[in-house]
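Got your viewer open? Load the model, switch to cartoon, and follow along one selection at a time.

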Amino acid sequence: MSLTNEILQRAQSRAEEMKLPYSGALTPEEAHTLLSTLPNCKLVDVRTSAEWQFVGTPLHAVKIEWKSWPGMAANPNFMEQLKNLVDTEDALLFLCRTGGRSHEAAALAAANGYSECYNVLEGFEGDRNDAGQRGQVNGWKARGLPWSQG
């Protein structure tokens with residue numbers, strides 16, 4: 001069995017265990033591997049434009065705000081923007097700061113006809129350390145996966 005198939009099976013097992021309404025849940029490393037091996041795979045960063053600018057973003061991510069800063073108002077155009085940027089047959093890996101907003105986005109996309117939706121566990125910044133700082137304990141950044149600032 002290929003590494004890609006093993007990752008997809010683990011993600012689907014997590015979906016069953018966690019009773020997720022979408023295809024599965026991935027670690028940041030698994031998400032990065034799928035992005036490197038599946039030609040129809042897209043990473044959808046659903047954080048705010050302020051987070052993209054000031055915290056950074058994974059390389060080659062499709063950026064669509066789930067909520068907007070300030071106030072964190074829901075993006076009423078999320079599904080329209082998603083439809084304009086990715087195909088319903090693409091494997092979509094949703095990412096936010098820690099995994100909450102991306103869970104919601106993956107669930108909505110799956111409910112609207114996207115066949116493969118995954119949440120990236122830990123998110124971009126991950127959990128806080130003892131000093132209350134993110135980006136050092138876990139998540140995309142802490143795992144040393146490719147990203148850029150600004």
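Before we start clicking, one term for later: a polar contact is a pair of N or O atoms within 3.5 Å, and within protein one of them must be able to donate a hydrogen and the other to accept it. Also keep in mind that this is a predicted model.

**Stop 1: the sheet.** Color the strands. Five of them make up an open sheet with parallel pairing, and the order to trace across it is 1-8-7-2-4. The edges are strand 1 (24-26) and strand 4 (62-63), each of which pairs on one side only.

Now select residues 91-95 and 116-120. These are strand 7 and strand 8, paired in the parallel sense over four bridges. Which residue of strand 8 stands opposite L92? Show sticks and you'll find C117 there.

**Stop 2: two helices across the strands.** Add residues 28-37, which is helix 2. Helix 2 lies across strand 1, strand 2 (41-45), strand 7 and strand 8, and runs at about 100° to strand 1. Next, add residues 78-85 for helix 4. Helix 4 lies across strand 2, strand 4 and strand 7, with an angle of about 135° to strand 7.

**Stop 3: the loop between strand 5 and strand 6.** Jump to W69 and P70: the peptide bond joining them is cis, with omega about -5°. P70 sits in the loop between strand 5 (67-68) and strand 6 (73-74). M72 is found in that loop between strand 5 and strand 6 too, and its phi is worth a look: near 55°, a positive value in a residue other than glycine. Is M72 buried or exposed? Neither, as its relative accessibility is 30%, so M72 counts as partly exposed.

**Stop 4: the loop between strand 8 and strand 9.** Select E122, which is found in the loop between strand 8 and strand 9 (147-148). E122 is not a glycine, yet its phi is positive, about 75°. With 21% relative accessibility, E122 counts as partly exposed.

Then go to N138, which lies in the loop between strand 8 and strand 9. N138 has a relative accessible area of 10%, so it is buried, the cut-off for that being under 20%. What does N138 touch, leaving out residues up to four places away in sequence? Show E122, E125, G126, D127 and R143. For the last click, find the backbone nitrogen of D127: the side chain of N138 reaches that atom at 2.7 Å.

Definitions and conventions:
Residues numbered from 1 in each chain as written. Predicted model: local features only at pLDDT ≥ 70, side-chain atom pairs only at ≥ 80, totals over all residues. Heavy atoms only, no water. Pairing = 2+ DSSP bridges. Contact = heavy atoms within 4.5 Å. Axes fitted to C-alpha atoms, helices over the stretch in contact; angles between N-to-C directions. Buried < 20%, exposed > 50% of the residue type's maximum accessible area, 1.4 Å probe, protein only.
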